[in-house]
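Colleague: I've got a model open on my screen and I'd like to learn how to read it. Could you walk me through it?

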Amino acid sequence: MKSAVFFVAFVAAVAADKIPDFLVPGKCPAVNEKALFEQQIPNHSKYAGVWYEIALTNNPYQLLKQCVRNEYSFDGSKFIAKSTGINADGNLMRHNGQVLPMPLGDPHLSIDYEGSFTAPYVILDTDYENFSCIYSCVEFNYGYYADFAFIFSRSPSLSDQYLRRCEAAFKEIGVDVSRFREDSPGFELPL
């Protein structure tokens with residue numbers, strides 16, 4: 001249902017000759033999701049815990065704008081997600097959701113927060129202890145796609161060596177790393 005609402009909004013925007021700036025012509029990049037997912041499934045319990053959002057690409061669906069802290073609890077099949085941060089109005093906000101295997105059997109996780117649509121959650125790289133590089137891409141009819149990327153850390157800051165690993169992972173699939181913005185003002189990304 002949520003995907004249908006998003007699609008209707010997309011069609012309406014195209015019909016009005018106004019395409020949202022987060023939609024770009026083309027297709028999602030090729031990512032070997034199956035190999036990544038098979039490697040990660042046995043380690044899902046290690047992915048549980050607290051993750052701080054260090055950087056992200058423009059995402060109009062991201063309600064939390066700064067100081068984002070995600071807490072993932074793994075129940076053996078999915079993660080329960082509790083996220084806190086500051087919204088666009090400057091107020092502290094909590095957002096609940098889940099991260100679970102893609103319902104239609106695609107070889108990756110999906111993320112589903114209340115009030116948003118379900119989207120792919122592909123872990124491009126992680127060591128489970130320090131950093132995680134997340135990518136999400138959805139293709140639409142008419143030759144457009146929307147993609148979003150995130151860099152997470154187990155602490156509120158992240159060393160350059162892990163930022164560089166994410167940079168390499170994103171560049172490998174063709175993501176322009178200059179699109180990233182830091183989560184908290186004053187934090188300089190070396191990307």
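Colleague: Let's start with pockets: which residues line the second largest pocket?

Modeller: First the idea: on a 1 Å grid over the protein atoms alone, a pocket is an open set of points with protein on both sides within 12 Å along at least five of seven lines, a cavity is a set where a 1.4 Å probe fits but cannot get out, and lining residues have an atom within 4 Å of a point. Here the second largest pocket is lined by Ala30, Val31, Asn32, Ala35, Leu36, Gln39, Leu124, Asp125, Ala169, Glu172 and Ile173. Two or more of the lining residues come from each of α2 (33-40), β7 (119-126) and α4 (160-172), and α2 gives the largest share, 3 residues. Helices (H or I, at least four residues) and strands (E, at least two) are DSSP runs, numbered from the N terminus.

Colleague: Before I go on, what should I know about the numbering and the model itself?

Modeller: Residues are numbered from 1 along each chain as its sequence is written, and side-chain values use heavy atoms, with hydrogens and water left out. This is a predicted model, so to speak of local features we need pLDDT of at least 70, while side-chain atom pairs count only at pLDDT 80 or more, and totals for chains, interfaces and linings use all residues.

Colleague: Where is confidence lowest, and where is it highest?

Modeller: pLDDT is the predictor's confidence in each residue, from 0 to 100. The protein's mean is 87, and 86% of its residues reach 70 or more. Helix α1 (residues 2-15) has the lowest confidence, a mean of 45, and helix α3 (residues 44-47) the highest, at 97. Over residues 1-16 pLDDT stays under 50, and the same holds for residues 186-191. Where pLDDT is low, don't read the predicted coordinates in detail.

Colleague: How many cavities of 30 Å³ or more are there?

Modeller: The count comes to 2. For volumes, grid points are joined across faces, edges and corners, and the volume is the space filled by probe spheres set on the points. The largest cavity has about 380 Å³. Of its 23 lining residues, Asn59, Gln62, Ile111, Tyr113 and Phe150 lie nearest its centre. Strand β3 (64-74) supplies the largest share of that lining, 4 residues. The second largest cavity is about 30 Å³, and its lining includes Leu36, Phe37 and Tyr121.

Colleague: And how many salt bridges does the whole structure have?

Modeller: A salt bridge is a side-chain nitrogen of Lys or Arg within 4 Å of a carboxyl oxygen of Asp or Glu. The search finds 7 of them. In one, Arg179 meets Asp147 at 3.0 Å, N to O. That pair links distant parts of the chain, with Arg179 in the loop between α4 and β10 (181-182) and Asp147 in strand β9, 32 residues apart.

Colleague: Is Asp147 buried or exposed?

Modeller: Buried means under 20% relative accessible area, exposed over 50%, and partly exposed in between (1.4 Å probe, protein chains only). Asp147 is at 6%, so it counts as buried, whereas Arg179, at 35%, is partly exposed.

Colleague: What about a bridge within a helix?

Modeller: Try Glu167 and Lys171, which meet at 3.2 Å, N to O. Both lie in helix α4, 4 residues apart, about one turn of the helix. Glu167 is buried, at 11% relative accessibility. Together with Arg164, Glu167 and Lys171 are linked in a network of salt bridges.

Definitions and conventions:
Contact = heavy atoms within 4.5 Å.
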